[in-house]
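Me: Got a minute to go through this one with me? I'd like the overall layout, then some odd spots.

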Amino acid sequence: MNDVLLGLDAVTKIFPGPPAVEVLHPTDLAVEQGGYASIVGPSGSGKSTLLNLLGLLDRPTTGEYRFNGVPTTGLADEERARLRARSIGFVFQSFHLIPERTVLENVLLSTLYSGVARAERVDLARTAIERVGLGHRVDHTPLTLSGGERQRVAVARATMTSPKLLLADEPTGNLDQNTSGQVMDLFEELNADGMAVVIITHDAAVAKRARRVIRIVDGTVEDGTVEDGTVEER
Ligand SMILES: Nc1ncnc2c1ncn2[C@@H]1O[C@H](COP(=O)(O)OP(=O)(O)OP(=O)(O)O)[C@@H](O)[C@H]1O
C-alpha cells in the first residue's frame, strides 16, 4: 500500500484573470494514509483553493497531484469524478441537506448513481447514521434537527461508503462550542477507524485537535507541518 494518500508535487494554482493571480505558489505536501490534518490561515490565503485541489474538484495549473499513488492531473474528468465518488467524502459549513427529505433519504442520495443495489445502500446508510449517533432520527427531516445533528447527518452522508479521505471546509462554522466539540469527537472516531481527515478551519480549538496543522499564508504553505499540533495565534 502507498503510505502517502495525498501527494502534492510542485503544485501551483493560477487563476487566469486578467490579471492572472497565482493563488497557490509551488507547493509540496504529503498527507499519509489515515492522517489527520487541519489547514489554517488568514482569509483569502488559499485554503479553499488547496482543499478544492485535494478533493479533485479543481486541477493544479502546474505540478502533479497523486491521490493514493495515482497521478490525477492527466486523468479525464469522468475518471476524476469516479475516483472522487469512491474515495472522498465532503463536509461543508452549511450542511447542504435537502430539508424536505428524511435523514435516511438525505444520506442515501449520495450514492444514488453508485450502481449499488438500493437494499445494500439502505444498510450502509443506516449503519452510517447509527455511527453518528442518530439511529433514532432516520425518519426525521433536517428541519426538526439541531445544527449539530444536521452536521452529523452530513458526516454520515460523506462517510457511508467508508472513503479513504474526509475533507471538511469549516465544518464547525455554524455550531456552538459544545456541539462543535461533538462533531470533532466524531471526526476523531472516524480517523481512529483509519479514515484520513483534512479540515479547513478558522477555529484554533478545532485546528489543535488535529495531529498536524498546515498553515498557509498568501498562497504559501509555511513549513508544511507542525507535528506537535501547536497553532500560533496571529
Ligand atoms: N476563480 C478565481 N479567480 C480569481 N481569483 C480567485 C478565484 N478563486 C479564488 N480566488 C482568489 O484566491 C485567493 C484565495 O482564495 P481562497 O478561497 O482559497 O481563500 P481562503 O483561504 O479559503 O479564504 P476564506 O478563509 O476567506 O474562505 C483569494 O484572494 C481569492 O480572491
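Reply: Sure, here is a walk through this predicted model, from the whole fold to single residues.

Me: How many helices and strands are there in the protein?

Reply: The protein has 7 helices and 10 strands. Its C-alpha trace spans about 50 × 40 × 40 Å along the principal axes.

Me: And what is the radius of gyration of the protein?

Reply: It comes out at 18 Å. A compact globule of 234 residues would have a value near 17 Å, so the two agree.

Me: What share of the residues is buried?

Reply: Buried residues make up 39% of the 234. On contacts, take the pairs of residues at least 6 apart in sequence: 69% of those contacts join residues at least 24 apart.

Me: How many residues are in the largest nonpolar core?

Reply: That core has 61 residues. Those with the most contacts inside it are I39, V107, A156, L166, L167, V197 and V198.

Me: Take L166 from that list. What does L166 touch?

Reply: Leaving out residues up to four places away in sequence, L166 touches G89, V91, A158, T159, L190, M195 and V197. Two of those, A158 and T159, are among the buried residues of α5.

Me: OK, α5 then. Is that helix mostly covered or mostly open?

Reply: Mostly covered: 11 of the 13 residues in α5 are buried. They are E149, R150, Q151, R152, V153, A154, V155, A156, R157, A158 and T159.

Me: What covers them?

Reply: The cover over the buried residues of α5 includes strands β6 (88-92) and β7 (165-169), plus helices α3 (103-109), α4 (118-131) and α6 (177-192).

Me: What span should α5 have, going by its residue count?

Reply: Helix α5 runs over residues 147-159, and at 1.5 Å a residue its 13 residues should span 18 Å. The end C-alpha atoms are 18 Å apart, so the span agrees with the expected one.

Me: Where is G148, and is it buried or exposed?

Reply: G148 is in helix α5. G148 has 18 other C-beta atoms within 10 Å, so it counts as partly exposed; the cut-off for buried is 20 or more. Not counting residues up to four places away in sequence, G148 touches L175, T179, Q182 and V183.

Me: How far is G148 from L112?

Reply: Their C-alpha atoms are separated by 25 Å, with the two residues 36 apart along the chain.

Me: Switching to the ligand. Which residues are around it?

Reply: The residues around the ligand are F15, V21, V23, G41, S43, G44, S45, G46, K47, S48 and T49. The elements giving two or more residues to that shell are β2 (21-32) and α1 (47-54).

Me: Which of them gives the most?

Reply: α1 does, with 3 residues.

Me: How does the shell divide into nonpolar, polar and charged?

Reply: The shell has 3 nonpolar residues, 7 polar and 1 charged.

Me: Now the odd spots. Which peptide bonds are cis?

Reply: The bond from G17 to P18 is cis, with omega near 10 degrees. The bond from P18 to P19 is cis too, with omega near -5 degrees. P18 is in the loop between β1 (4-15) and β2, and P19 is found in that loop as well.

Me: What about phi, where is it positive in a residue other than glycine?

Reply: A10 has phi near 50 degrees, and E170 also has phi near 50 degrees. A10 sits in strand β1, while E170 lies in the loop between β7 and α6.

Me: Are those two buried or exposed?

Reply: A10 is exposed, because it has 12 other C-beta atoms within 10 Å. E170 counts as buried, because it has 20 C-beta neighbours inside 10 Å.

Me: Last one: where is R82?

Reply: R82 lies in helix α2, which covers residues 77-87. R82 has 13 other C-beta atoms within 10 Å, so it is partly exposed.

Me: And how far is R82 from S114?

Reply: The C-alpha atoms of R82 and S114 are separated by 9.3 Å, although the residues are 32 apart along the chain.

Note on methods. Residues numbered from 1 in each chain as written. Predicted model: local features only at pLDDT ≥ 70, side-chain atom pairs only at ≥ 80, totals over all residues. Near = placed C-beta within 6 Å. Helix = DSSP H or I, 4+ residues; strand = E, 2+ residues; numbered from the N terminus. Nonpolar A, V, L, I, M, F, W, Y, C, P; charged D, E, K, R; others polar. Expected span 1.5 Å × (residues − 1). Contact = placed C-beta atoms within 7 Å. Core = buried A, V, L, I, M, F, W, Y, C linked by C-beta atoms within 7 Å. Rg over C-alpha atoms; globule rule 2.2 N^0.38 Å.
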